[in-house]
Every structure is written in structure tokens, then in C-alpha cells.
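Welcome, and please open the structure in your viewer. We will walk through it one selection at a time.

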There are 2 protein chains.
Amino acid sequence: MSVAEYIPGSLRSCPPDLASWVDGPTKSAIIDFVGHVSTEIAPEERVAVFDNDGTLWCERPAYVQLDFLVRRLAEQVGTDPTLAAKQPYIAAAAGDLGWFGDAVTKHYNGDDSALTVLAGAILSAYQGLTVEEHAERVRAFFAEAQHPSLDRPYLACGYAPMVELLRFLEDNGFTNYIASGGGRDFMRPVTTQMYGIPPERVIGSSVGLDFKDGDLLTTANPEFLDDGPVKPVRIWDRVGRRPILAAGNSNGDIEMLQYTQGLRLLVRHDDAEREFAYSAGAEKALQQADEHGWTVASMRDDWVRIFD
Amino acid sequence: MSVAEYIPGSLRSCPPDLASWVDGPTKSAIIDFVGHVSTEIAPEERVAVFDNDGTLWCERPAYVQLDFLVRRLAEQVGTDPTLAAKQPYIAAAAGDLGWFGDAVTKHYNGDDSALTVLAGAILSAYQGLTVEEHAERVRAFFAEAQHPSLDRPYLACGYAPMVELLRFLEDNGFTNYIASGGGRDFMRPVTTQMYGIPPERVIGSSVGLDFKDGDLLTTANPEFLDDGPVKPVRIWDRVGRRPILAAGNSNGDIEMLQYTQGLRLLVRHDDAEREFAYSAGAEKALQQADEHGWTVASMRDDWVRIFD
């Protein structure tokens, strides 16, 4: 499917019937919980939070936002040739995504040199743009970017069963939020179209902003990395209520799931044929799910289809 | 009026008819703007932001939150007698509110010694409490606290014309937010009852929170002082849209009003008889209003009544 073939909002408008979920214990756990909530919990307390990368949309072979970033770094080399001789701009200009993956691998092996260089480039990538200019760049990216292997635009890389779940929850009086390690202002321009979740319900990582001459300008200062124990803090900041349903897929979601009092759902990536099979970065979360009886959604066994 | 005589939600349930506004240019400016918006601006873009202290509720003779804080400092002296010999605990235990006012006056005269001492006490006042325990203390405070001179509980110190405005805006498809220098978690337990604004739409100052053993604990680390140029940044963080209506009353609201593209409303405290008359801390805002044609609401001339 090309971007031209993609129908905007098609995924978001799927019916709230969980038809893409296989009948079985996982689907039953969701339906039973929501049934209980509809009679026992006041509507304003029906708060659900969803991680994004790997929970609502595909995060492999690389984060969608990394594709957006690498294009920007390459663009920066074009306007500032002094960048061309150093990393990560060399890799970005050459389209060498492997360098970025290696930076993360080195980090896990105790060598933070590449990741530090990368972090500096990430922070300064949009410095000086207004928030509106940044949003326009995000929209332009999604208007043409295709997933590298799935033969579909990124806009069509949301998981159909999860979007059905969002609709099912809404239909039962829930309010859905995204609580993601991804960039708050990277997600906002497309979450309404993809998930029916408006900007005010998108929580994510951010750099600092400066107010100047009536506008908000992007700075190179870190503000939040919305991951791990930071997730419940940012959820409280935004919502002021404790969620009763949370869904995630990785170790960075553990604290958000622990904070939630109600249904804890972990998406397991075990479908090499239709998506990707991996547990790297999810080992501790899967162990917690096992120990504490969290609900695990196997992409292979619990989902009739992956995408719309 | 005592707390016992106060009818919960009575102010919030006033009709959206602006009946407490005097017919004249200020009321007309509001009605004309909202009429324009209803045909020209999509509902999801109808975002209105309101300062709280001095804009939605009375801030004189002292901030409501200062009363809450002083009681807590006095309580801390009771459990930790080593505090009894130092400020601001001496003043708090003696009920000497003058000391707190002096700290601010000294600050304006270039002497920050008292304010620094006060800031440390403020930051550590609720350290170690969960956010739920803090909320419970706020509710207990409002369940019995009376304004020192207005013969009414703090819960009845909201401005009736402003709450009518909130209802009028909602009636016309707006979504209202509070954007206050006051504490986010101090306001949240009462904003639904007083203004019909739920916790997720309350933006304010905050200390840092720590996630521990499934709970969020209050720390003594500053996070945001939601005032001046910080207000538009926190509004963007929460909403992801630029407001089309903003209301404030002090210099700390200038940047929020500048950021807003639409109606900018400044409440002028010029009614010594029914409320308080003062312009201290609002001089620059009133000057900006004059220079840029912001709409000024005179409490004396534009409001039929002040309170419910």
C-alpha cells in the first residue's frame, strides 16, 4: 500500500467490536474488565493509558521517529557543511541507519560515546523552530514516508486490534491517553487521524520551549524523557487521576503498568510472519507480567489481523 | 455565609447567560467574539485559558494557598519541635501572616533573604506524602476554611461573572483550562466543584514527584513555577494548541495573553466596596492592555455582582 492508496482515518474508524481479537482468555479478560468497570467505576475515573511504539504502532526495524530524525540531520548537513565531517551527520547523510542501531547496542555494552553524540544531535535538531513549524514538518513527513519493509505508509502501521480496543473503551465511557517515550510533538500531528486521540491527550518526551515575541520556540535543552518511572509522573501531571487500564510492550512501561490499578496489558511481539518477533528490551516486563498475572496479548495467537 | 450554609456546586451551576455582566462594551466584546468563533473556528480549536488567583477566585488579603500552607507549617512545628525556633515556622505557629507578606515586599525591594527561607519551607512542606494524601488534605482544608474578611468559605470565593463566562464558553463549544501560578495539586480537588473544570484541565505550579512502590510521592524538588513566560510553555505541553481566549489579572499573565490569538481579557480589581481595590503586581499588564487594546473587565463597572 502506498501513501496514495491509504485512506485517512480508515483505521481510526474501525468498529468497537474487538473483531480482530481471537476469542480466548486475553479477549475475555478485556471484556470482563470493561464490563465490571461500566457498573462499578464512575466515567470520569475511566482513564486508560497507552504506550505508542510497539504498543499502538510498529517500532521495528527502527522507531518511526528515528526515520524522521535522520532525514532532518541529513538536511542540516545540506545547510551547514561543517557538520558533514562528524557523526551522527555522516551516517545520516549516507542513510546509514546501522550506525544509529550500533549507538544503542554500544550503550547496552557500557560504551556511551556514540549515544552521547547522538543525544546532542537529537536535542539540537529542531532548535529555533516554532512549535507550529515543527508540526508542519511532522505532517510533511507522514504525508509521504513509507515503512521500509511492510509495504505500507507509517500512517497505516497502527495495530488494528489496539485501535479497536481504543474504540471499545471509548464506547464504554473511557478516556484514552497516549503515554509514550516518543516525542510529544512528533506524535500529536497524527494521533487524531490514526487513533482518534487528540493532542491534549498525548503525553511524551519533550525538549524545552522558550516563549519569545508571542511564539514558542524549540530549544536544545532536554525537558522530559518520558520513560520508566517518569511515565506515571507525567501521567499524573496531565490527568490528575490514576489510570485503571494501561497497555505497553517494553521494560520502559513497567512503572506505568505498576501504577495502574486495574487491567495491565502487555503486547508480546511474537509474530515474525506478520510483524516482527523480538523480546529485546521487554524481558523484565514479560517477567513482571508472568509474576503478577498481567494480561499478555500475543500478536501471533490473540490477533486475527495486525494491520488495517 | 458559613461552610455549613454553602451549597456545593451552586456557583458552577449558574446559567450561561452572562446575567452578572453589566450591558456595555466589555460584555459586548465577549459576546461578539464568541459569536464570531461559533461560525469561524472549529470546536477542537476553541481553547480558553484562565488564570485562577485574582481571575477566577479572590486572592486578597492573601493567596488561599498561603492559608493552607501556613496551617501545614504550624502542624510541622507540632511534630518536629526543632523547627519552632526558625522562620517561617515561628510566624506560622504564631499565625503571623504579616511575616509572609513582608517576605514578598522585601523581595520587591531587592532583599530575597526571607523569600529564600520561605521557598525552602514551601518545597518541603508535603515531602513524602502520596499525591492522594495531599489531595485529601486539600479537601479537608476547603471543607472548613473561611475567607478572613468576606464572610464566606473559600469555596464560595469564586467570581460569579467569571463562572458564568466559563459556562457561556462551554455552551459555545469551548474547552476551558486553568493556567495558574498556584499549585496544580492544590487546585485540582476543588475546581470541578467550583468551576466545572476537571483535574486534567488544571495547569499549575508543581514540585517533583517520585514513583516508589506503586505510588507517587511528593518531593522537595521544584518542578515548575507556572508564571510569566512559563505559562504558555505549560499550556502547550498540556493542550498542544494555541488558546483563542485567555483571562488574567496580573503581570504574571502577560505572556499567556500575548501567546493567545483571539480575546485577551484582563480583570481589574477596582472595587474596594465589594471586593478589594489594588493594582500592585498588575501595573505592566494594565499598561499592555491599554497599548494593545486588550479587553479590561472592571469589577466595579462591569460586574453586577461579584460572588454567588
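How much area do chain A and chain B bury between them? Keep in mind as we go that this is a predicted model. Colour the two chains differently to find the answer: chain A and chain B bury about 2,700 Å² between them, and 52% of that is on carbon and sulfur atoms.

**Stop 1: the contact residues.** Select the residues where the chains touch. You should find 30 residues from chain A and 30 residues from chain B. Now highlight A:Phe211, A:Trp236 and A:Asp237, which lose the most area to chain B within chain A. Together these three account for 24% of what that side buries.

**Stop 2: the symmetry.** Try superposing the copies. Chain A falls on chain B after a rotation of 180 degrees, with 0.0 Å of shift along the axis and an RMSD of 0.0 Å. The two copies are therefore related as by a two-fold rotation axis. To see where that axis passes, select A:Arg238: in chain A, its C-alpha is the nearest to the axis, at 3.2 Å. Both copies use the same surface, since 100% of the contact residues of chain A recur in chain B.

**Stop 3: two helices across the interface.** Select helix H9 of chain A, residues 230-239, along with helix H8 of chain B, residues 184-195. Their axes are 10 Å apart and the helices pack at an angle of about 50 degrees, which means that H9(A) is oblique to H8(B). Show side chains here: from H9(A) come A:Trp236, A:Asp237, A:Arg238 and A:Val239, and from H8(B) they meet B:Arg184, B:Asp185 and B:Arg188. What kinds of residue make up the contact of H9(A) with H8(B)? There are 5 charged and 2 nonpolar residues, with no polar ones.

**Stop 4: the salt bridges.** Over all chains the count comes to 46 salt bridges, and between chain A and chain B it is 10. Zoom in on A:Arg242 for two partners. With B:Asp215, this arginine forms a salt bridge whose closest N and O atoms are 2.6 Å apart. A:Arg242 sits in the loop between H9 and strand S5 (245-248) of chain A, while B:Asp215 belongs to strand S4 (residues 215-224) of chain B, so the pair joins two chains. Next, add B:Glu132 to your selection: its side chain meets that of A:Arg242 in a salt bridge of 3.4 Å, N to O.

Key: Residues are numbered from 1 along each chain as its sequence is written. Chains are lettered from A and ligands numbered from 1 in the order in which they are written. This is a predicted model: local features need pLDDT of at least 70, side-chain atom pairs count only at pLDDT 80 or more; totals for chains, interfaces and linings use all residues. Side-chain values use heavy atoms; hydrogens and water are left out. Axes are lines fitted to C-alpha atoms, for helices over the stretch in contact, and angles run from 0 to 180 degrees between N-to-C directions. Helices (H or I, at least four residues) and strands (E, at least two) are DSSP runs, numbered from the N terminus. Angles under 35 degrees count as roughly parallel, over 145 as roughly antiparallel, 65 to 115 as roughly perpendicular and the rest as oblique. Contact means heavy atoms within 4.5 Å. Ala, Val, Leu, Ile, Met, Phe, Trp, Tyr, Cys and Pro count as nonpolar, Asp, Glu, Lys and Arg as charged, and the others, Gly among them, as polar. Copies are superposed by least squares on the C-alpha atoms of residues with pLDDT of at least 70 in both. Buried area is the accessible area (1.4 Å probe) that two parts lose on being put together, summed over both. A salt bridge is a side-chain nitrogen of Lys or Arg within 4 Å of a carboxyl oxygen of Asp or Glu.
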